[in-house]
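Student: Can you take me through a structure? I'd like to talk about its empty spaces, domains and salt bridges.

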Amino acid sequence: MRVCVIGTGYVGLVTGACLAHIGHDVICVDNNEEKVKLMKSGQSPIFEPGLSDIMQSAINAGKIEFSTDLAAGVAHGEILFIAVGTPPLPTGESDTRYVEAVARGIGANLNGGYKVIVNKSTVPIGSGDWVRMIVLDGIAERQKTLISAGGGSIEEKIPEIAAQFDVISNPEFLREGSAVFDTFNPDRIVLGGNSQKAIGLMKDLYAPIIDRQYAADQSLAPVPVLATDLSSAEMIKYAANAFLATKISFINEVANICDRVGADVTQVAKGIGLDSRIGNKFLQAGIGWGGSCFPKDVSALIHTADDYGYEAQLMKAAVSVNERQRLIALEKLQQVLKILKGKTVGLLGLTFKPDTDDLRDAPALNLIEQLNRLGAKVKAYDPIVSQTGLRHGISGVLVETDAERLADGCDALVLVTEWQQFSTLDYGKMAKLMSHAVIIDGRNFLDPEKMVRAGFQYVGVGR
Ligand code: NAD
């Protein structure tokens, strides 16, 4: 099928490349010229395991193109994905201006022939109908231009074009760091909308994925496809992220109590996670959740609830537990080192999770800001950020090129991100390079006994 994906970030580029990989003809459109230039040369502007390889093979097979030309993308696609960012506004609500610009641009360029417009961006509940309205506005604006140039009347043409598209909500559940894997191995596909024709086309589009043709385990039953109304599909995305964020805040709260009573949260998590009603995922205590999705999506849902006269107390509590948790490493540093002024603290990891280069709303950023405020010098080593030199506007931190340089002269290390390579560092050597061999394990990732044998004073979270 012919597909256009508008917005080539973590979601759009992965979606476009995976759809091209399974045989569709894809044009990826972005208004960032530099990104498009880079992608045209076969390079991915983001770090995501496996993405460069499938991008390259799709380019070689002639299945994917990159462009800044929205009109060409709209003309090409039977399915038009909107995958632009929806960052948070200072009020907590979602900033939908990029979605609006794209929807208007689609309307202005619809060229006849039935199209499915797919909202893949995480958008506030009700956005499906709103996108339809904006697309119609875009059509009307173009009609006005045509009329002033001597064309037909708006009333005649709009119903004709409006009948030729439907809007579908298809929320995305991929995780950064395993986005390609997640796209080929989804737990479910959610399709919200009231057009059976559009839902049928979406099922055709995803058929090879639904049938597990590209799955790690092809013997599994087909991927469940949940067809819902538009609002429910939009709500599923917010509710899923709010639930996961709340689960993490819950175990972090348990960890803080464990710290006070002398229990070990890693054993507690194992003990409760074996209960099939609870499950063992998202029960790793640590320095809190961050990244580009959980904080903004939970805030947006709280904001929506407020708009409709309901106070989302549980979600507000999950946010406030998290705000405090994001500074728990600072509290622990103060307990061990006392005064932080004039001390040097080294951060192992900067990104909000391993296997990504994404620093949006990463807990490391809060930590750097607070350590600077208290007069500490901050250094960091991150396998991707140090290597690529991507700094994404972080200030107040000296980025080192390896873990030993990081340890050199530090009074304490804080493990911020559980990168796999941090389990095999030469901690004995690192301890000797430090002024004080203290390590705060912000993800309960390291073996405490091994760290003590390496010469460290080890401090975990709730253990
Ligand atoms: P991103 O910021 O990485 O990418 C957005 C892209 O859209 C950028 O490349 C930007 O240049 C482009 N863009 C903006 N305006 C444009 C326009 N008018 N025309 C063409 N391109 C335009 O964002 P992302 O992380 O990929 O997130 C996209 C959406 O998916 C968001 O709503 C997000 O909440 C949702 N989502 C993200 C993830 C994730 O893990 N990142 C997971 C699930 C859902």
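Tutor: The chat below goes through domains, salt bridges, cavities and pockets. This is a predicted model, where local features need pLDDT of at least 70, side-chain atom pairs count only at pLDDT 80 or more, and totals for chains, interfaces and linings use all residues. Residues are numbered from 1 along each chain as its sequence is written, and side-chain values use heavy atoms, with hydrogens and water left out.

Student: What domains does the assignment give?

Tutor: Domain 1 (2-228), domain 2 (237-324) and domain 3 (326-459). The bounds come from an automatic or database domain assignment.

Student: How many residues of domain 2 and domain 3 are in contact?

Tutor: 16 residues of domain 2 touch 16 residues of domain 3, with contact meaning heavy atoms within 4.5 Å. Their centres, over C-alpha atoms, are 24 Å apart.

Student: And how much area do domain 2 and domain 3 bury between them?

Tutor: About 1300 Å², 49% of it on carbon and sulfur atoms. Buried area is the accessible area (1.4 Å probe) that two parts lose on being put together, summed over both.

Student: How many salt bridges are there between domain 2 and domain 3?

Tutor: There are 2 between these domains, and 19 in the whole structure. A salt bridge here is a side-chain nitrogen of Lys or Arg within 4 Å of a carboxyl oxygen of Asp or Glu. K332 and D259 form a salt bridge at 2.7 Å, N to O.

Student: Where do R104 and E100 lie?

Tutor: Both are in helix α5 (residues 97-109), 4 residues apart, about one turn of the helix. Their side chains form a salt bridge at 3.0 Å, N to O. Helices (H or I, at least four residues) are DSSP runs numbered from the N terminus.

Student: New topic. How many cavities of 30 Å³ or more does the structure hold?

Tutor: It holds 2. On a 1 Å grid over the protein atoms alone, a cavity is a set of points where a 1.4 Å probe fits but cannot get out, and a pocket is an open set with protein on both sides within 12 Å along at least five of seven lines; lining residues have an atom within 4 Å of a point. Points are joined across faces, edges and corners, and a volume is the space filled by probe spheres set on them.

Student: Which helix gives the largest share of the lining of the largest cavity?

Tutor: Helix α10 (residues 230-261), with 3 residues. The largest cavity has about 40 Å³ of space, and its lining residues include N119, S169 and E234.

Student: What volume does the second largest pocket have?

Tutor: About 200 Å³. Among the residues lining that pocket are V265, K270 and R443.

How values were computed: Helices (H or I, at least four residues) and strands (E, at least two) are DSSP runs, numbered from the N terminus.
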